[in-house]
Amino acid sequence: MVYSINIIKFLFSMDDHLYRINKAEKIKNLWRLCLLLTLFSMAIYTWMAFLGIGSDIISSNAIELNTLDYEQSKFGFALGRCVFAILLALIVLFIPSLIFYAITGIPYQKLIIMQQIVLLVMLVERILWIPLMLYWGLDWYVSPLSFGIIASHLTSTPWIVSFFGAISLVQLWIIWFQVKYIRYLSTIKQRWIWLSVIVIHIIYWLTVTFLGFIDVHLISGWFE
């Protein structure tokens with residue numbers, strides 16, 4: 001059986017597509033869709049860079065730069081975000097797939113399909129955050145979709161707020177989805193699937209928190 005990937009249809013008919021993926025002997029359009037999602041990620045993060053999101057340090061130094069240097073700084077920032085978007089897409093698509101393959105034995109390509117959906121949902125979440133930043137000045141870790149806004153009312157410790165800011169309603173949906181997907185294709189006990197998925201996400205949230213802190217220092221060091 002040949003399964004042709006269609007992420008949008010998958011989201012509206014999940015059980016049917018899971019059955020077809022489980023029975024599939026050949027996956028069609030896998031690598032082309034990986035490329036398209038990577039390009040979509042690049043487009044979003046480059047767009048954000050040109051909107052000035054995250055470029056506060058460059059803007060604050062604008063009066064000290066001539067026009068050429070300032071434009072070069074903006075271009076360098078956008079290029080950096082583009083590279084970040086590529087790395088993000090590749091990591092989300094392939095690293096968790098490899099980990100889950102080692103744990104479950106589910107064919108690697110079928111796990112990449114799962115991560116393609118995860119990446120798409122993450123990018124949609126990022127798009128939804130853009131107007132919150134532009135019009136209300138809300139950083140990603142205090143988005144109404146995340147638990148960071150609750151944490152910010154309970155503590156002023158930055159890393160705690162950032163950690164809970166990385167946990168959003170979308171992230172909880174992704175955990176549920178990954179568990180459902182793996183359960184359908186694997187015979188591993190449900191509690192071990194939940195444990196594996198949650199541990200991987202905790203590592204992801206800690207990584208996001210860490211990168212959120214060093215990102216500011218990297219940018220300031222590059223442009224000061």
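Trainee: Where is Asn29 found?

Mentor: Asn29 is found in the loop between strand 2 (26-28) and helix 3 (30-50). Helices (H or I, at least four residues) and strands (E, at least two) are DSSP runs, numbered from the N terminus. This is a predicted model, in which local features need pLDDT of at least 70, side-chain atom pairs count only at pLDDT 80 or more, and totals for chains, interfaces and linings use all residues. Residues are numbered from 1 along each chain as its sequence is written, and side-chain values use heavy atoms, leaving out hydrogens and water.

Trainee: Why is Asn29 called partly exposed?

Mentor: Its relative accessible area is 26%. Buried means under 20%, exposed over 50%, and partly exposed in between (1.4 Å probe, protein chains only). The value of 26% lies in between, so Asn29 is partly exposed.

Trainee: What is the phi of Asn29?

Mentor: Positive, at about 75 degrees, although Asn29 is not a glycine. Most residues other than glycine have a negative phi.

Trainee: What makes Ser186 buried?

Mentor: Its relative accessible area is 12%, so Ser186 meets the buried limit of under 20%. Ser186 is in the loop between helix 9 and helix 10 (190-223).

Trainee: Which residues is Ser186 in contact with, leaving aside neighbours within four places in sequence?

Mentor: Thr104 and Ile106. Contact means heavy atoms within 4.5 Å. Thr104 is 82 residues away along the chain, but the two C-alpha atoms are separated by 6.4 Å.

Trainee: Why are helix 6 and helix 9 called roughly antiparallel?

Mentor: Helix 6 (residues 108-136) and helix 9 (residues 169-185) pack at about 165 degrees, with axes 11 Å apart. Axes are lines fitted to C-alpha atoms, for helices over the stretch in contact, and angles run from 0 to 180 degrees between N-to-C directions. Under 35 degrees is roughly parallel, over 145 roughly antiparallel, 65 to 115 roughly perpendicular, and the rest oblique. The pair is therefore roughly antiparallel.

Trainee: Which residues of helix 6 meet helix 9?

Mentor: Among them are Ile113, Val118 and Met122 of helix 6; those in helix 9 include Trp173, Phe177 and Tyr181. The contact divides into 13 nonpolar, three polar and two charged residues. Ala, Val, Leu, Ile, Met, Phe, Trp, Tyr, Cys and Pro count as nonpolar; Asp, Glu, Lys and Arg as charged; the others, Gly among them, as polar.

Trainee: What makes helix 2 oblique to helix 9?

Mentor: The axes of helix 2 (residues 14-23) and helix 9 come within 10 Å and cross at roughly 45 degrees. That angle is in none of the named ranges, which means helix 2 is oblique to helix 9. Leu18 and Ile21 of helix 2 are among the contact residues, as are Trp176 and Tyr184 of helix 9. By class, this contact has 10 nonpolar, one polar and two charged residues.

Trainee: What is the relative accessible area of Tyr181?

Mentor: It is 0%, so Tyr181 is buried. Tyr181 lies in helix 9. Not counting residues up to four places away in sequence, Tyr181 touches Phe10, Leu18, Ile21, Lys110, Ile113 and Met114.

Trainee: How do you know that the span of helix 9 agrees with 1.5 Å a residue?

Mentor: The expected span is 1.5 Å times one less than the number of residues. For the 17 residues of helix 9 this gives 24 Å, and the end C-alpha atoms are 25 Å apart, which agrees.
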